[in-house]
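Thanks, everyone. I'll take the overall fold, then one helix pair, then one loop residue. Here is the structure.

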Amino acid sequence: MTTQQMSDVELAGQPAAYWTGVAYESLIAFTRARQAEKGYTQPQFWLLRNLSVNDISPDGAGMTLSELREAMASYLRPEDDLAAEAAVLLERGWLSRDTGDRLRLTEEGERARVDLARNAPAIRAALHEGIDDADYVTAVKVLRRLIRNAGGRLA
């Protein structure tokens, strides 16, 4: 029996960990595929965001790869190679590296970050197709409660 044929009672008995895992992998794969179509990777976008004083960076002072890995630890995937991703951005002129091995966002990199961020609404819209905001909010509230019940930490 597929989940499309399951009753609400049967669905209520399904393991949340399984479904959140399937959802996570599917959402990441979809997002990364859409970004690849536009010529960049999710880790590259994260690097730009974390180095931008107009986004995540509090001071725009740059960061080493180790500092960036630490800052992104909660969302980096095991296959993400920040050194390789940074090398691409250095080659494009979107990042520079100072003598202290700190990566910094260039003006061209900031323009690229702004341009790449424009892709997010279309990705979100595709993922949210057929889901009204009230249902989405309910789903997030349920997930947050499951996290709390499991003793997890909310960001």
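**Overall fold**

Start with the contacts in the protein chain that have a separation of 6 or more: residues 24 or more positions apart account for 50% of them. Keep in mind that this is a predicted model.

The protein chain has eight helices and two strands. Along the sequence the order is α-α-α-α-α-β-β-α-α-α. How spread out is the chain against a compact globule? The radius of gyration is 19 Å, and the globule rule gives 15 Å for 155 residues. The first value is well over the second, so the chain is more spread out than a compact globule. Along the principal axes, the C-alpha atoms fill a box of roughly 60 × 35 × 25 Å. As for burial, 26% of the 155 residues count as buried.

**Helix 2 and helix 7**

Now the helix pair. Helix 2 covers residues 16-37, and helix 7 covers residues 120-127. They pack at an angle of about 140 degrees, with axes 11 Å apart. Roughly antiparallel needs an angle over 145 degrees, so this pair counts as oblique. The crossing is right-handed. Which residues make the contact? From helix 2, they are Leu27, Phe30, Thr31, Arg34 and Gln35. Helix 7 brings Ile123, Ala126 and Leu127. By type, that contact has five nonpolar residues, two polar and one charged.

**Asp101**

Last, the loop. Asp101 sits between strand 1 (95-97) and strand 2 (103-105). Asp101 is not a glycine, yet its phi is positive, about 65 degrees. Buried or exposed? Neither: at 42% relative accessibility, Asp101 counts as partly exposed.

Definitions and conventions:
Residues numbered from 1 in each chain as written. Predicted model: local features only at pLDDT ≥ 70, side-chain atom pairs only at ≥ 80, totals over all residues. Heavy atoms only, no water. Axes fitted to C-alpha atoms, helices over the stretch in contact; angles between N-to-C directions. Helix = DSSP H or I, 4+ residues; strand = E, 2+ residues; numbered from the N terminus. Parallel < 35°, antiparallel > 145°, perpendicular 65-115°, else oblique. Left-handed = near helix turned anticlockwise from the far one by under 90°. Contact = heavy atoms within 4.5 Å. Nonpolar A, V, L, I, M, F, W, Y, C, P; charged D, E, K, R; others polar. Buried < 20%, exposed > 50% of the residue type's maximum accessible area, 1.4 Å probe, protein only. Rg over C-alpha atoms; globule rule 2.2 N^0.38 Å.
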